[in-house]
Amino acid sequence: MTLITEPNLDPELVRAALPADWPAPEALGFGQHLGPYLITADHDGSGWSAARILRRDDARLAIASGGLQYGLSVFEGMKAYRAPDGGIHLFRPQMHLRRLQASAARLHLPPVDEALFLRSCMLAVRVHEAMLPPAGRGALYLRPTIHADEEALGLKQAARHRYSVTVTPGSDPQLKSLRMWAEDELIRAAPGGLGAAKTGANYAAGLSGLLRARERGYDDVIWLDAATHRWLGEAGTMNLFVQIGGRLLTPPLDGTILAGVTRDSLLQLARKEGLEVAEQGIGLGQLRTAATSGTLGCAFGCGTASRIVRIQGVGSVHGEIAIPDNGLPERLSERLKAVQEGTAKEHADWRVAC
Ligand code: COI
């Protein structure tokens, strides 16, 4: 089967079209500058068509599609890095693919297979190579998406779907320190719901939490469990880690939080450096007790877009918890950056050459 119909778009076209005021890598931010091309394929019920390159401006979104009307859409956020030797690689694409397939299964969307996923992502990177910052100064973020594309207003499993890969170059994320508000009224996800799927509904549910936290003067939201509002779930768009009594803890994958690729990478790196690590429930009260008793080492959020952000305080209706910083977030962040970019030799299997 033909996987890609037009693999030969000259990357120089993208380079030549970059505006004269194209920002320095440090000024790219995240998600502001989109690649001009999509890699896309269609599914008519019998299988995926060959992928093709399409100008993003020419892409059509059906207003009456299930993707738009009912949120029948799942996506990934994955990065491509430039190694010091100039080579380009994807970071943990197989793990991203597994999660995309799990998200697609939850929403009854057709899964993409490994060959289509890898080839389309690699092509998206190669076409937009001119937008990828130099080694150490940023990455190309890929957004593979599957959505229901059939125009029909009844709620059903669609007869037609579309797969697409969009890219955006981004700055190397800085290690910020944020204050988080633990939301105890709204919820992001509940057992049996969509919380583990990477789908727009979770982000739509999350936006009001972020805005409510900001109204209170905080930077981001921490979601608590739906039933008791006592257990930490995840932050706005990140997984959470807390170090208490020397043990590095992160909430378990109970179906209400996303199985973060960065979360998994950090669990493995931390174990390798001899830290005691556990996936277990973390109570908001436990965080407060640890802060008061001096056993709290640090807390941080992590994700593909942000890598690691320090949490310097958690506010809630029960009061403010000041979080110390014992240096672990910075150490793990640097270690992860080295593995992602390939300046460290370890976990070579996490980097797949484009
Ligand atoms: C990521 O970190 O990959 C995300 O999905 C965050 C994005 C929603 C901004």
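**View 1. Who surrounds the ligand in this predicted model**. Ten names to look for here: Phe 30, Gly 77, Tyr 141, Arg 143, Lys 198, Tyr 203, Thr 237, Gly 303, Thr 304 and Ala 305 make up the surroundings of the ligand. Sort that shell by class and you get 4 nonpolar, 4 polar and 2 charged residues.

**View 2. Polar partners of the ligand's oxygen atoms**. Start with Tyr 141, where an N or O atom of the side chain is 3.0 Å from an oxygen atom of the ligand. With Thr 304 it's the backbone that takes part: one of its N or O atoms lies 3.2 Å from a ligand oxygen. Ala 305 also uses its backbone, with a polar atom there 2.8 Å from an oxygen atom of the ligand. How much of the ligand does the protein bury? On its own the ligand would expose 290 Å², and the protein buries 85% of that.

**View 3. The pocket that holds the ligand**. Zoom out a little, and you'll find the ligand sitting in the largest pocket. Both domains chip in to the shell around the ligand: at least three residues come from domain 1 (2-171), and at least three from domain 2 (177-341).

**View 4. Where domain 1 and domain 2 touch**. The domain assignment splits the protein into domain 1, residues 2-171, and domain 2, residues 177-341. Their C-alpha centres are 27 Å apart. How many residues of each domain are in contact with the other? On one side it's 24 residues of domain 1, and on the other 23 residues of domain 2.

Key. Residues numbered from 1 in each chain as written. Predicted model: local features only at pLDDT ≥ 70, side-chain atom pairs only at ≥ 80, totals over all residues. Heavy atoms only, no water. Near = heavy atom within 4 Å. Polar contact = N/O pair within 3.5 Å; in protein donor to acceptor, adjacent residues only side chain to side chain. Areas by Shrake-Rupley, 256 points an atom, 1.4 Å probe, with all protein chains shown as cover. 1 Å grid on protein atoms, 1.4 Å probe; cavity = no way out; pocket = protein on both sides within 12 Å on 5 of 7 lines; lining within 4 Å. Sits in = over half its atoms within 2 Å of the grid points. Nonpolar A, V, L, I, M, F, W, Y, C, P; charged D, E, K, R; others polar. Domains from an automatic or database assignment. Contact = heavy atoms within 4.5 Å.
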